[in-house]
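Student: I should like to learn how the features of a protein model are read. May we go through them one at a time?

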Amino acid sequence: MQESVNRFAAAYKDFALTISIKKTEVLHQPAPGVAHAANTSITIDGQPLTNCKKVVYLGSTLSSAVNVDEEVSRRLARANAAFGRLSTNVWNRKGLSLSTKIKVYRAVILPTLLYASETWTVYSRHLKLLNSFHLRCLRHLIGVKWQDRVSNTEVLKRADLTSVHQLIDHSQLRWAGHVMRMGDERLPKQIFYIELFYGKRNKGGQRKRYRDSLKANLKRSYIDTADWEDLAHDRSTWRSIKAETKNAEHSRNLHRDELRRKRTERASKSLSDANDLACEVCGRKCKARIGLI
């Protein structure tokens, strides 16, 4: 890295340009299992560069942790701020219909929330945070409170929108198709297929790679992982992946409804069997003995 920086600085001097030391920083992204280096000692003309743990480049946050935790937090903060700025003029304005508010939400809030999500390697914790914010905003627009006991599936149906899971799945599959149709000389395609010549993965749990995320996405969308590259080469055929992601979303909704039904049955059964767990003062029945306390 020091040798590359030296050549870069020399080329700048040849064109009578200067590199700002204050604006140039070093971000170290260590390999798994390697401690983060507090000082990488990269210099330009003998002047050391400042080390940082995160940097914003083209609107996306790159961190030394090599994950999207910082990026998801930044996206949530930006989307929350944008949603708050439109409260008076759009969300709380009685003269606007619900369909108009949903169109504004789709055009402003969702792009802010999911900016560059096609390149994310997401975990379930990221999807949970993003989807919770998404549903919380939709409940505010529709006017549904948690006391109304309206399911998330019903909220999405009333808003005529899908969950964050399907939005990210669709954007990642579209981006994978674009990369597949690129020429072999293009840098994104080279990075997509690049592999290390040496080293091996440690035993046990591994860090999730973009390929792992894409493979799970293909399986959820019922697309064969061995033939998806041939399908992606045909642009018209690959455009039909939106229907496949809708099928995956439908399966997720059915699974959620089944879990909700089982929870309701368990709660009803436990309440009916709790005849001995009744308050001696008011007679109210409790599901557990802690309720009496």
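Student: At roughly what angle do the axes of helix α7 and helix α9 cross?

Tutor: A preliminary remark on the model is in order. This is a predicted model, in which local features need pLDDT of at least 70 and side-chain atom pairs count only at pLDDT 80 or more, while totals for chains, interfaces and linings use all residues. Residues are numbered from 1 along each chain as its sequence is written, and side-chain values use heavy atoms, with hydrogens and water left out.

Tutor: Two packed helices are described by the angle between their axes and the distance between the axes. Here the axes of α7 (residues 164-180) and α9 (residues 210-220) cross at roughly 110 degrees and come within 10 Å. Therefore α7 is roughly perpendicular to α9 (65 to 115 degrees). Helices are DSSP runs of H or I with at least four residues, numbered from the N terminus; axes are lines fitted to C-alpha atoms over the stretch in contact, with angles from 0 to 180 degrees between N-to-C directions.

Student: Which residues of α7 make the contact with α9?

Tutor: Contact means heavy atoms within 4.5 Å. From α7 come Asp 169, Gln 172, Leu 173, Trp 175 and Ala 176, and they meet residues of α9 including Tyr 210, Leu 214 and Arg 220.

Student: How many salt bridges does the structure hold?

Tutor: A salt bridge is a side-chain nitrogen of Lys or Arg within 4 Å of a carboxyl oxygen of Asp or Glu. The structure holds 14 salt bridges. One of them joins Arg 125 to Asp 69, with the closest N and O atoms 3.3 Å apart. This pair links distant parts of the chain, since Arg 125 is in α5 and Asp 69 in α2, 56 residues apart. Another joins Glu 71 to Arg 75, at 3.4 Å between the closest N and O atoms. These two residues are four apart in α2, so about one helical turn separates them.

Student: Is Glu 71 buried or exposed?

Tutor: Buried means under 20% relative accessible area, exposed over 50%, and partly exposed in between, with a 1.4 Å probe and protein chains only. Glu 71 is buried at 3%, and Arg 75 is buried at 5%.

Student: What is notable about the phi of Val 66?

Tutor: Most residues other than glycine have a negative phi. Val 66 is not a glycine, yet its phi is positive, about 55 degrees. Val 66 lies in the loop between β6 (60-63) and α2 (69-85), where strands such as β6 are DSSP runs of E with at least two residues. At a relative accessible area of 41%, Val 66 is partly exposed.

Methods. Parallel < 35°, antiparallel > 145°, perpendicular 65-115°, else oblique.
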